[in-house]
Amino acid sequence: MKSNKYLTTDGKLTRKENTVYFTDKNGKRTPIPVEKIYAIYSYGSLSYTSKVVELLAKHNIPIHYFNRNGWYVGSFYPKGERFSGNVVVHQSSHYLDKYKRNYLAKKFVEGSAKNINKNLRRYKVDFPIDDIMKRLDNSSNITDIMSVEALMRNEYYGNFNKIINHFQFEKRTRRPPHNEINALISFGNSLLYATVITEIFNTYLHPTISYLHEPSDRRFSLALDIADVFKPLLVDRVIFNLINRKIIREEHFEKDLNYCLLNDEGRKLFLTYYKTQLENTIKHRKLNRKVSYQRLMRLECHKLQKHILGMEKYEPFVIWW
């Protein structure tokens with residue numbers, strides 16, 4: 001099975017025949033077998049040659065870039081044959097039609113809410129899921145739907161202190177995060193965003209045409225829509241595990257008066273457990289075979305594509321275990 005490669009230090013990629021090598025800032029040289037790599041995530045300054053690009057493109061391997069804070073910066077993606085004017089036309093029509101767009105936006109929030117409820121139920125914490133579904137059903141425009149989404153997340157984050165047994169969480173703060181929990185959430189969400197981009201580019205969907213989040217310049221807003229559905233499974237459960245098992249501790253953060261960020265060791269720990277989470281498998285109820293958690297995101301993209309082409313109604317992924 002292919003896996004992601006996470007580069008946490010500065011370095012360069014070189015090619016010798018059909019193998020790519022990563023040489024870090026200390027001169028350590030590590031082979032990266034392209035036939036076993038799904039995507040590369042770089043958290044340091046990375047240089048490479050045109051020969052490396054050629055080989056990565058041949059194997060359809062993207063590189064996602066993050067700055068020192070862990071925020072997503074951009075991607076190199078060797079996108080080749082994955083173009084479909086028919087899909088883009090239908091995808092755009094679902095954005096332009098108010099009712100079609102509202103349907104999809106509500107479904108993304110519904111999936112997110114039900115997965116949040118699943119997480120909280122694991123810790124025997126009540127969540128007003130019925131009230132949220134009623135509010136969502138009564139929402140008639142994107143502004144109202146986004147308001148329900150915001151209220152839902154505030155309620156969710158307000159219960160974090162009932163789940164975690166280490167660190168305190170007062171409220172959600174971003175760019176920069178002000179405490180350890182916010183640092184973990186921001187780092188994980190940015191990582192998941194890039195992971196979803198990889199899955200979208202393996203379909204015919206256009207990553208900038210979205211429904212819940214407003215499309216804008218220089219961002220793949222469809223990845224934000226789909227990532228919301230998977231945050232409870234792929235980010236939040238990793239955070240709860242790292243904190244409650246005391247794998248992540250005070251010494252894994254760097255702090256200043258106005259910010260709190262994961263340090264190098266903290267990032268490595270998070271990436272290790274995130275990678276494990278992606279590679280976990282579950283028997284799919286419809287496919288009747290085991291699929292990885294990462295594969296679930298690809299399947300979600302295919303479901304959305306089928307919806308906009310009129311093949312079957314989109315229903316969001318909801319954790320069933």
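Here are some questions and answers about the predicted model shown above.

User: Before we start, what kind of model is this, and how are residues numbered?
Analyst: This is a predicted model, where local features need pLDDT of at least 70, side-chain atom pairs count only at pLDDT 80 or more, and totals for chains, interfaces and linings use all residues. Side-chain values use heavy atoms, with hydrogens and water left out, and residues are numbered along each chain as its sequence is written, from 1.

User: Which residue in β6 is the bridge partner of Gly-11?
Analyst: Strands are DSSP runs of E with at least two residues, helices are runs of H or I with at least four, and both are numbered from the N terminus. Two strands pair if DSSP finds at least two bridges between them. Strand β2 (residues 11-16) and strand β6 (residues 46-48) pair in the parallel sense over 3 bridges. Within β6, the partner of Gly-11 is Leu-46.

User: And which residue in β3 stands opposite Gly-11?
Analyst: Strands β2 and β3 (residues 19-24) run antiparallel and are joined by 6 bridges. Their hairpin has 2 residues between the strands, and Glu-17 there takes a positive phi near 55°. Opposite Gly-11 in β3 stands Asp-24.

User: Which strands are the edge strands of the open sheet with the order β1-β5-β7-β8?
Analyst: This open sheet has 4 strands with mixed pairing. An edge strand pairs on one side only, and here the edge strands are β1 (3-7) and β8 (72-76).

User: Which residue in β7 stands opposite Ser-42?
Analyst: Strand β5 (residues 37-42) pairs with strand β7 (residues 63-66) in the parallel sense, over 3 bridges. In β7, the residue opposite Ser-42 is Tyr-65.

User: Is Phe-167 buried or exposed?
Analyst: Phe-167 lies in the loop between α5 (142-157) and α6 (180-200). Most residues other than glycine have a negative phi. Phe-167 is not a glycine, yet its phi is positive, at about 75°. Its relative accessible area is 9%, and buried means under 20% (exposed is over 50%, partly exposed in between, with a 1.4 Å probe and protein chains only), so Phe-167 is buried.

User: Where is Lys-246 found?
Analyst: Lys-246 is not a glycine but has a positive phi of about 55°. Its place is the loop between α7 (221-244) and β9 (253-255).

User: How many disulfides are there?
Analyst: A disulfide is a pair of cysteine sulfur atoms within 2.5 Å. Cys-260 is buried at 1% relative accessible area, and Cys-301 is buried at 0%. By the distance rule, the number of disulfides is 0.
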